[in-house]
Amino acid sequence: MIHVVARMEIKPGCMEQFLKILLDNTPTVLAEKGCYRYESCLDTKEEDKDKYVTILESWESEEHLKAHLATPHMANFREAVKDLRVSSNVTVMAPVKR
């Protein structure tokens, strides 16, 4: 299993539009093979809650994540939100094995 933390800074005044696009896409992502979690979160600090969106993801494998990123709906998502984001940062992690 792998985990992804995708954090995006949203342009001022664009949060509502961004969230609509993101949440409309979420059921399609959750239906993908190998997707265990795809959860959108907002910061709890008052000054940041309209500025950042973080998506917490869990995938069965890196191959499932790569397949997800190559889907047409994710290409459409990236195109739809490209002018709504200031920046994005993605971190992919694997659990520590004993």
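Which residues are buried in helix H2 (residues 62-69)? In this predicted model, the buried residues of H2 are His64, Leu65 and His68. Viewed down the axis of H2, these buried residues fall within an arc of 100°, so they line one face of the helix. The face of H2 turned away from that buried side carries Glu63 and Lys66, both exposed. The cover over the buried residues of H2 includes four strands and two helices by name: strand S1 (2-10), helix H1 (15-30), strand S2 (35-42), strand S3 (52-59), helix H3 (72-81) and strand S4 (85-93).

His64 may be considered individually. This residue of helix H2 has a relative accessible area of 17% and is buried, because the limit for burial is a value under 20%. Apart from neighbours within four places in sequence, His64 is in contact with Lys33, Gly34 and Trp59.

Helix H3 can be read in the same manner. Its buried residues are His73, Met74, Phe77 and Val81. Seen down the axis of H3, they fall within an arc of 95°, so they too line one face of their helix. Pro72 and Asn76 are exposed on the face of H3 turned away from the buried side. What covers the buried residues of H3 includes H1, S2, H2 and S4.

The packing of H1 against H3 comes next. The two helices pack at an angle of about 175°, with their axes 10 Å apart. H1 is therefore roughly antiparallel to H3, since angles over 145 degrees are classed in this way. On the H1 side, the contact is made by Phe18, Ile21, Leu22, Asn25, Thr28 and Val29, and on the H3 side by His73, Met74, Phe77, Ala80 and Val81. Sorted by class, the contact of H1 with H3 has 8 nonpolar residues, 3 polar residues and no charged residues. His73, Met74, Phe77 and Val81 thus appear both among the buried residues of H3 and in its contact with H1.

In soluble globular proteins, nonpolar side chains tend to be buried together. Here the largest nonpolar core has 21 residues, and those with the most contacts inside it are Ile10, Phe18, Leu22, Tyr38, Val53, Ile55 and Trp59. S1, H1, S2, S3 and H3 are the elements that give two or more residues to this core. Phe18 and Leu22 also belong to the contact that H1 makes with H3. Ile55 touches Val4, Val5, Ala6, Met8, Leu22, Tyr38, Glu39 and Ser40, not counting residues up to four places away in sequence.

Strand S3 also holds Glu57, which counts as buried at 6% relative accessibility. Leaving aside neighbours within four places in sequence, Glu57 is in contact with Ile2, His3, Val4, Ala6, Arg37, Tyr38, Leu65 and His68. Two of these residues, Leu65 and His68, are buried residues of H2. Glu57 and Arg37 are 20 residues apart in sequence and 4.9 Å apart in space, C-alpha to C-alpha.

The last residue to consider is Met15, which is placed in helix H1 and counts as buried at 8% relative accessibility. With neighbours within four places in sequence set aside, Met15 is in contact with Ile10, Leu42, Lys49, Asp50, Lys51, Tyr52 and Val53. Among these, Ile10 and Val53 are listed with the residues that have the most contacts inside the largest nonpolar core. The C-alpha atoms of Met15 and Arg85 are separated by 9.1 Å, and the two residues are 70 residues apart along the chain.

Technical notes. Residues are numbered from 1 along each chain as its sequence is written. This is a predicted model: local features need pLDDT of at least 70, side-chain atom pairs count only at pLDDT 80 or more; totals for chains, interfaces and linings use all residues. Side-chain values use heavy atoms; hydrogens and water are left out. Buried means under 20% relative accessible area, exposed over 50%, partly exposed in between (1.4 Å probe, protein chains only). The arc is that of the directions from the helix axis to the C-beta atoms. Contact means heavy atoms within 4.5 Å. Axes are lines fitted to C-alpha atoms, for helices over the stretch in contact, and angles run from 0 to 180 degrees between N-to-C directions. Angles under 35 degrees count as roughly parallel, over 145 as roughly antiparallel, 65 to 115 as roughly perpendicular and the rest as oblique. Ala, Val, Leu, Ile, Met, Phe, Trp, Tyr, Cys and Pro count as nonpolar, Asp, Glu, Lys and Arg as charged, and the others, Gly among them, as polar. A nonpolar core is a set of buried Ala, Val, Leu, Ile, Met, Phe, Trp, Tyr and Cys residues joined through side-chain atoms within 4.5 Å.
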